[in-house]
Structure formats: structure tokens, C-alpha cells
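Walk me through this fold, starting from one strand pairing and working outward to the whole chain.

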Amino acid sequence: MGREDEMYIRHSRQDYTWEGVERMPYKEEGLAPFKAIARQILFSDQDFECELRYFEMAADGFSTLERHAHAHAVIILRGEGHCLIGDTVRQVGIFDLVRIPAWTWHQFRATRGEPLGFLCMVNARRDKPQLPNEEEFAAMTNDTVLAAFFKGTLIT
Ligand code: MN
């Protein structure tokens, strides 16, 4: 495979990784809580207004609970699990499309004893995520479904 070919095609390795794409830890900075999740940037180009990333969490892993001004467009690519969007927990599975609007709390969890992987389209230039403060988090856990979701004991 020549150098020119790599400009156009990065072949899938059939294990949810791609040739020439680095598999990185989820967050490079900060104290945002998360567990067992890796990040691959699939498309990032200064001529694009957006980026496409692939995130994958191991069984029982989860993404950071956060909100921000930018939106996400997500396609589940591997496994099943749950996601919190706003104040509702929903089941998600392979090829489901998930819209996360601006300023909406969100978190993905691999609740099915298997990896959960998804493509995430996002603005190339975007604001920094906000984490819930203690009060906001306490308010969310007043809901029994959300409390079980955060504890990783949700069964539905
Ligand atoms: Mn986010």
C-alpha cells in the first residue's frame, strides 16, 4: 500500500480500529469522571466544519456526564447500552441514531456486559463541556431510574 493510498483509504481492521488511526484515552486533561473508554479521531481536517470520532467503552464503562453549547450526532456502531439525554434514560443499540441538542445533559453507559461503541459527529470548533455541580447531580439522582443509571445497576 503506497503513501497516496493512505490519503484516501484507511482500511478497517475488523475490530473497530482503523489503519493509521491512533486509539487514545478518552480525555487528555481534567478531572471529569469516566471509565474504560477510548477515542479514535476518524476525520479531522481544517477544511471541515466538523469532526467524526469513534468512542468505545468496555463493558460497564461510561462517558463523562456533561453538557455544552455544541450538539452531537451519534450512530451506535457496536453493542447495546443506555444513554441519558436530558432527564430520560434510553436504550440504544447498533445503528441507532442519537441526537444530543445543545445544553442537554448526556452520558453513555455500556450496561449490557459488552462493549458499546459509537460514531460521534461534532463541530470542529466547539466550547468546553460543563460538568454538573453537586446540587445539579443531586437533583438528577432524585429520579430512581437516573440514580440506578449512575450507579450502574440499571436493569431494563
Ligand atoms: Mn458531549
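Start at Leu-84, whose bridge partner in strand E6 is Val-89. Keep in mind that this is a predicted model.

That bridge belongs to a longer ladder. Strands E5 and E6 run antiparallel and are joined by five bridges. Gly-81 takes part as well, with Val-92 as its bridge partner in E6. The two strands form a hairpin, and two residues lie between them. In that turn sits Gly-86, which has a positive phi of about 70°.

E5 has another neighbour. Strand E8, residues 106-109, runs antiparallel to E5, and four bridges join the two. Here His-82 of E5 has Arg-109 as its bridge partner in E8. So how covered is E5? Four of its five residues are buried, so the strand is mostly covered.Return to Leu-84 for its wider surroundings. Leaving aside neighbours within four places in sequence, Leu-84 is in contact with Val-89, Trp-105, His-106, Gln-107, Leu-146 and Phe-149. Val-89 is also its bridge partner in E6.

Now turn to the core. The largest nonpolar core holds 16 residues. Which of them touch the most other members? They are Met-57, Leu-84 and Phe-108. Several elements give two or more residues to this core. Among the strands, these are E3 (50-62), E4 (72-78), E5 (81-85), E6 (88-92) and E9 (116-123). Helix H3 (144-151) does likewise.

Strand E9 is worth a closer look, and Leu-116 is found there. Is Leu-116 buried or exposed? It is buried, with 30 other C-beta atoms within 10 Å. Not counting residues up to four places away in sequence, Leu-116 touches Met-57, Arg-78, Gly-79, Glu-80, Gly-81, Phe-108 and Ala-110. Two of those names, Met-57 and Phe-108, have already appeared among the core members with the most contacts to other members. Gly-81 has appeared too, as the bridge partner of Val-92. Take Gly-79 as a distance check. Leu-116 and Gly-79 are 37 residues apart in sequence, yet their C-alpha atoms are 4.8 Å apart in space.

Next comes a residue outside the strands. Leu-65 lies in the loop between E3 and E4. With 22 C-beta neighbours inside 10 Å, Leu-65 counts as buried, because the cut-off for buried is 20 or more. Leu-65 touches Trp-105, Gln-107, Leu-131 and Pro-132, not counting residues up to four places away in sequence. Trp-105 and Gln-107 are also in contact with Leu-84. Ala-148 is another matter: Leu-65 and Ala-148 are 83 residues apart in sequence and 14 Å apart in space, C-alpha to C-alpha.

Two backbone angles deserve attention. Ala-36 is not a glycine, but it has a positive phi of about 50°. Its place is in strand E2, residues 35-43. Ala-36 is partly exposed, with 14 other C-beta atoms within 10 Å. Asp-60 is not a glycine either, and its phi is positive at about 75°. Asp-60 lies in strand E3. With 16 C-beta neighbours inside 10 Å, Asp-60 counts as partly exposed.

Finally, step back to the whole chain. How many helices and strands does the protein chain have? Its secondary structure comes to three helices and nine strands. Read along the sequence, the pattern is α-β-β-β-β-β-β-β-β-β-α-α. The radius of gyration is 16 Å, close to the 15 Å that the globule rule gives for 156 residues, so the chain is as compact as a globular protein of that length. Its C-alpha atoms fill a box of roughly 55 × 30 × 25 Å along the principal axes. Of the 156 residues, 19% count as buried. Sequence-distant contacts complete the picture. Among contacts with a separation of 6 or more, 61% come from residues 24 or more positions apart.

Note on methods: Residues numbered from 1 in each chain as written. Predicted model: local features only at pLDDT ≥ 70, side-chain atom pairs only at ≥ 80, totals over all residues. Core = buried A, V, L, I, M, F, W, Y, C linked by C-beta atoms within 7 Å. Buried ≥ 20, exposed ≤ 12 C-beta atoms within 10 Å, placed from the backbone. Contact = placed C-beta atoms within 7 Å. Pairing = 2+ DSSP bridges. Rg over C-alpha atoms; globule rule 2.2 N^0.38 Å.
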